[in-house]
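Reader: I am new to this structure and would like to know how its labels are earned. Could you walk me through them, please?

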Amino acid sequence: MTIKDQWRAAMAILTGLVLLVLVLSGAAAPLLAWPTQVTADLTVTGLSALGISHLQHGTVLFQADGFAYEIYYRCIGCVPVIVLATGIVAWPASIGERLVGLCIGIPLLLGLNIVRLLHLFSIGVNHPEHFWLAHRVLWESVMLLTVLLAWALWVRWVAGRPRETIARSYGPTT
């Protein structure tokens, strides 16, 4: 690994950590208002498609029988996306290989997050006693494992690329 690769990896990790602190501290909340509303609207579209009765008030989704949850900025999948993007950008690969990883990985995580929100709403309506377990244990584990698996598969794909491509990406081999 060259000094340039090490510098890029360090900058990617530092940037990822700063973004995580901004998101987890709430400092980025105003910047994430629009993506939060889009996530809520996509979730509502999914609930309608699945035939699950619901009402919406901004980013709060609820059912007439009493179950409700609010989709807020930390529910939109940005934390898993930041972690995956940091891992991809930090790893030594060509720009094209990184773009492939980001263009596949980010939509995968955001799509899975919508599935998570749909499942959690369904759990909350039908089995509210299991909501906490599904929200805090099941889905956090699934999202974490998906990030790790997506990154590992991408690294394996990059490592399996033809030698000429790798040589062009990293410079001359010895």
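Reader: Why is Leu-110 called partly exposed?

Author: Happy to start there. Buried means under 20% relative accessible area, exposed means over 50%, and partly exposed is in between, using a 1.4 Å probe and protein chains only. Leu-110 has 36% relative accessibility, so it counts as partly exposed. Leu-110 lies in helix 4, and its C-alpha is 9.0 Å from that of Thr-39, although the two are 71 residues apart in sequence.

Reader: What should I know about the origin of these values?

Author: This is a predicted model, in which local features need pLDDT of at least 70 and side-chain atom pairs count only at pLDDT 80 or more, while totals for chains, interfaces and linings use all residues. Residues are numbered from 1 along each chain as its sequence is written, and side-chain values use heavy atoms, with hydrogens and water left out.

Reader: What makes a stretch a helix or a strand here, and how many of each are there?

Author: Both are DSSP runs numbered from the N terminus: helices are H or I with at least four residues, and strands are E with at least two. By that rule the protein has 6 helices and 3 strands. Their order from the N terminus is α-α-β-β-β-α-α-α-α. The C-alpha trace spans about 70 × 30 × 25 Å along its principal axes, and 39% of the 174 residues are buried.

Reader: How do you know that the span of helix 1 agrees with what is expected?

Author: The expected span of a helix is 1.5 Å times one less than its number of residues. Helix 1 (residues 3-25) has 23 residues and should therefore span 33 Å; its end C-alpha atoms are 33 Å apart, which agrees. Helix 3 can be checked in the same manner: with 13 residues, it reaches 18 Å from its first C-alpha to its last, close to the expected 18 Å. Just after helix 1, Gly-26 takes a positive phi of about 95 degrees.

Reader: Why is helix 3 described as largely enclosed?

Author: Of its 13 residues, 10 are buried, so helix 3 is largely enclosed by the rest of the structure. Among them are Cys-78, Pro-80, Val-81, Ile-82 and Leu-84.

Reader: Why is Asp-5 called buried?

Author: Its relative accessibility is 12%, so Asp-5 counts as buried. The buried residues of helix 1 also include Arg-8, Ala-9 and Ala-12.

Reader: What makes the contact of Arg-8 and Asp-5 a salt bridge?

Author: A salt bridge is a side-chain nitrogen of Lys or Arg within 4 Å of a carboxyl oxygen of Asp or Glu. The side chains of Arg-8 and Asp-5 meet at 3.0 Å, N to O, and that makes a salt bridge. The two residues are 3 apart in helix 1, so about one helical turn separates them. An α-helix has 3.6 residues a turn, so residues three or four places apart point the same way.

Reader: How many salt bridges does this rule count?

Author: The count comes to 2. Arg-136 and Glu-140 form a salt bridge too, with their closest N and O atoms 3.3 Å apart. They are 4 residues apart in helix 5, which means about one helical turn. Arg-136 is partly exposed at 43%, and Glu-140 is partly exposed at 42%.

Reader: Why does Trp-7 count as exposed?

Author: Trp-7 has 59% relative accessibility, so it counts as exposed. It lies in helix 1.

Reader: What makes Trp-7 part of a nonpolar patch?

Author: Patches are made of residues with over 30% relative accessible area and no salt bridge; like charges are joined within 9 Å, and nonpolar side chains (Val, Leu, Ile, Met, Phe, Trp, Tyr) within 5 Å. Trp-7 forms such a patch with Met-11, Leu-14, Val-18, Leu-19 and Leu-22, and together they have about 550 Å² of accessible area. Accessible areas come from the Shrake-Rupley method with a 1.4 Å probe, and for residues only the protein chains shown count as cover.

Reader: Why does Ser-122 count as partly exposed?

Author: At 24% relative accessibility, Ser-122 counts as partly exposed. Ser-122 belongs to helix 4, and 8.8 Å separates its C-alpha from that of Leu-47, 75 residues away along the chain.
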